[in-house]
Amino acid sequence: MILAYLDKQVADNETVGIYLRLQRDAVQRALATAKRPIPAHRERLGRPIARPGVYLREPKVSRDNPNPPLVHTSDCKMVTRNPGEVDAHRARLALTQEFVGAEPCPICRPDTALGLLE
Ligand SMILES: [Zn+2]
């Protein structure tokens with residue numbers, strides 16, 4: 001009876017020990033993730049700031065990728081690739097010159113801000 005009780009206590013404490021070790025590993029992973037440096041454009045993703053007259057030109061993924069470069073407003077949260085800042089004139093050119101072939105982001109609609117829509 002006493003031995004059975006003690007065996008149960010040992011088993012229970014082992015379970016708690018395993019649980020605590022798993023918790024500790026999860027915390028370590030979370031800390032490692034939190035310490036990873038944030039790329040410059042990701043910081044903009046976290047708290048985008050609207051800057052009038054500033055647009056972001058997001059390049060193509062690669063030369064062969066069929067997706068076009070994108071133009072965003074400065075506060076767009078959809079920017080994923082390393083964007084370059086352009087002024088309204090250059091943003092308008094990127095969207096209207098066929099050799100650039102950039103398209104307006106469907107979320108932030110920079111073409112509206114640039115007055116490109118009828
Ligand atoms: Zn956008």
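In this predicted model, the protein chain folds up with four helices and four strands. Going along the sequence, these elements come in the order α-α-β-β-β-α-β-α. Of the 118 residues in the protein chain, 16% count as buried. As for how the chain meets itself, take the contacts between residues at least 6 apart in sequence: 57% of them join residues at least 24 apart.

A good place to start looking is strand β1, which covers residues 54-58. Four of its five residues are buried, so β1 is largely enclosed by the rest of the structure. This strand has partners to look at, too. β1 pairs with β3 (residues 84-87) in the antiparallel sense, over four bridges, and Tyr55 has Val86 of β3 as its bridge partner. β1 also runs antiparallel to β2, with four bridges joining the two strands. In that pairing, Arg57 stands opposite Val71 of β2.

Leu56 gives a handy view of the surroundings of β1. Once its neighbours within four places in sequence are set aside, Leu56 is in contact with His72, Ser74, Cys76, Val79, Pro83 and Glu85. Two of these partners, Cys76 and Val79, turn up again alongside Leu56 in the largest nonpolar core.

That core has 11 residues: Tyr55, Leu56, Leu70, Val71, Cys76, Val79, Ala91, Ala94, Leu95, Ala102 and Cys108. Three elements, β1, β2 (70-73) and α3 (88-96), give two or more residues each. Helix α3 makes the largest share, with three residues. In soluble globular proteins, nonpolar side chains tend to be buried together. Here, Tyr55 and Val71 are both members of the core, and each also features in the strand pairing: Tyr55 is matched with Val86 in β3, while Val71 in β2 faces Arg57.

Further along the chain, Arg109 is worth a stop. Arg109 sits in the loop between β4 (103-104) and α4 (110-113). The phi angle of Arg109 is near 45 degrees, which is a positive value in a residue other than glycine. How buried or exposed is Arg109? With 16 other C-beta atoms within 10 Å, Arg109 comes out as partly exposed, because a residue needs 20 or more to be buried and 12 or fewer to be exposed. Cys108, by contrast, belongs to the largest nonpolar core.

Definitions and conventions:
Residues are numbered from 1 along each chain as its sequence is written. This is a predicted model: local features need pLDDT of at least 70, side-chain atom pairs count only at pLDDT 80 or more; totals for chains, interfaces and linings use all residues. A nonpolar core is a set of buried Ala, Val, Leu, Ile, Met, Phe, Trp, Tyr and Cys residues joined through C-beta atoms within 7 Å. Two residues are in contact if their C-beta atoms, placed from the backbone, lie within 7 Å. Two strands pair if DSSP finds at least two bridges between them.
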